[in-house]
Amino acid sequence: MTEFWLISAPGEKTCQQTWDKMMAATTRTNSLSNNHKFTIPDLKVGTLDVLVGLSDELAKLDSFVESVVKKVAQYMADVLEDSRDKVQENLLANGVDLVTYITRFQWDMAKYPIKQSLKNISEIISKQVTQIDNDLKARASAYNNLKGNLQNLERKNAGSLLTRSLADIVRKEDFVLDSEYLITLLVVVPKTSYPDWQKTYETLAEMVVPRSTNLLFEDYDSGLFSVTLFRKAIDDFKHKARENKFTVRDFQYNEEELKADKEEMTRLSTDKKKQFGPLVRWLKVNFSEAFIAWIHIKALRVFVESVLRYGLPVNFQAMLLQPNKKTMKKLREVLNDLYKPLDSSAAAIIDSTMDIPGLNLTQQEYYPYVYYKIDCNLLDFKA
């Protein structure tokens, strides 16, 4: 399970007692979750008004940062061509996997100094993650353009002989060039029609040069043949070829154009390789930064909400629960029983099966204890 429940409850005589009580309820007799203490430093409380306003702002910031974390992770998957094992090993926070980072969370004093007000810390995070989001858009746009242009060229160089580029197939010596009277045409012939082609090509029009056809290239169902004839017979030849289900490709040999096509392909391919390494490195670094920022927001939200719910002086224990999938419902019931005395209105909402008019709190959103979900399953892999 990559889902965590970050909760808090007021300190009893000591915060350790709060922890022991929760551990006893969730692990002693029934293995409902793996639990870890979640350490939040002594942050500056500020005024009640500021805390109330900050509670809403942090909720919005939480959603925004989570969306950026997911965008960076998903783009990493796109750039690594959706190779799941490679993606996961690149999605780290501070050099460790996400579960390890969350379960051993330590506040980063250097990035988010706790002498600053809560509002300032949230603004530092907001600015930092907005910058990552903007940079991602710019880098993704540049790389996607390059990738798209390369794919278009690759598509031109693949596919059936009726449509694909012939730049890497034909050579100068396959053509009669610079002749006032003669021209070499390229004809796509289905494999099943090779005998018909050999029998009839010289008679499809007057002035076809005898024994002038050569098979230049084959794919799975057709062959590309060259044939030389007089220029004045082109229209007649094309018409008769069509009647016989032979397709004349509209192609003139131009060394400069073919060379330019090949060079463009090489240039784009080289550019993509050059950009790939630095882009993956940037994604790794900034995924880590965004994820760390996200977990700090969760810590801020727990702190603010705990002070608003449980009052001053600050006295609560933040706890991280990793529920077992099969026992989630049971875990929720155990926690509700344990913390029901904290908030009778929450208990009423939880116990009630009907909607209470004017109260748009649903069971998922509100509990008698402070609760936030952290879901580390960040990738939306396309099947």
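Two strands count as paired if DSSP finds at least two bridges between them; helices (H or I, at least four residues) and strands (E, at least two) are DSSP runs, numbered from the N terminus.

We're working with a predicted model, where local features need pLDDT of at least 70, side-chain atom pairs count only at pLDDT 80 or more, and totals for chains, interfaces and linings use all residues. Residues are numbered from 1 along each chain as its sequence is written, and side-chain values use heavy atoms, with hydrogens and water left out.

**Exercise 1.** Work out the strand order of the open sheet that holds E7, and what packs on that sheet.

*Solution.*
- Step 1: the order reads E2-E7-E1-E8, with antiparallel pairing.
- Step 2: strands E2 (33–37) and E8 (370–375) sit at the edges, each pairing on one side only.
- Step 3: zoom in on E2 and E7 (residues 316–323), which share five bridges; His 36 has Leu 320 in E7 as its bridge partner.
- Step 4: add helix H1 (residues 15–28), which touches E1 (3–10), E2 and E7 (contact: heavy atoms within 4.5 Å). The H1 direction makes about 170° with that of E2 (axes are lines fitted to C-alpha atoms, for helices over the stretch in contact; angles run from 0 to 180 degrees between N-to-C directions).

**Exercise 2.** Find the edges of the sheet E4-E5-E3-E6.

*Solution.*
- Step 1: E4 (214–218) and E6 (247–249) each have a single partner strand, so one side of each has no neighbour in the sheet.
- Step 2: inside, nine bridges join E3 (residues 182–190) to antiparallel E5 (residues 222–230), with Val 187 opposite Phe 225 in E5.
- Step 3: helix H7 (residues 234–243) packs on the sheet, touching E3, E5 and E6.
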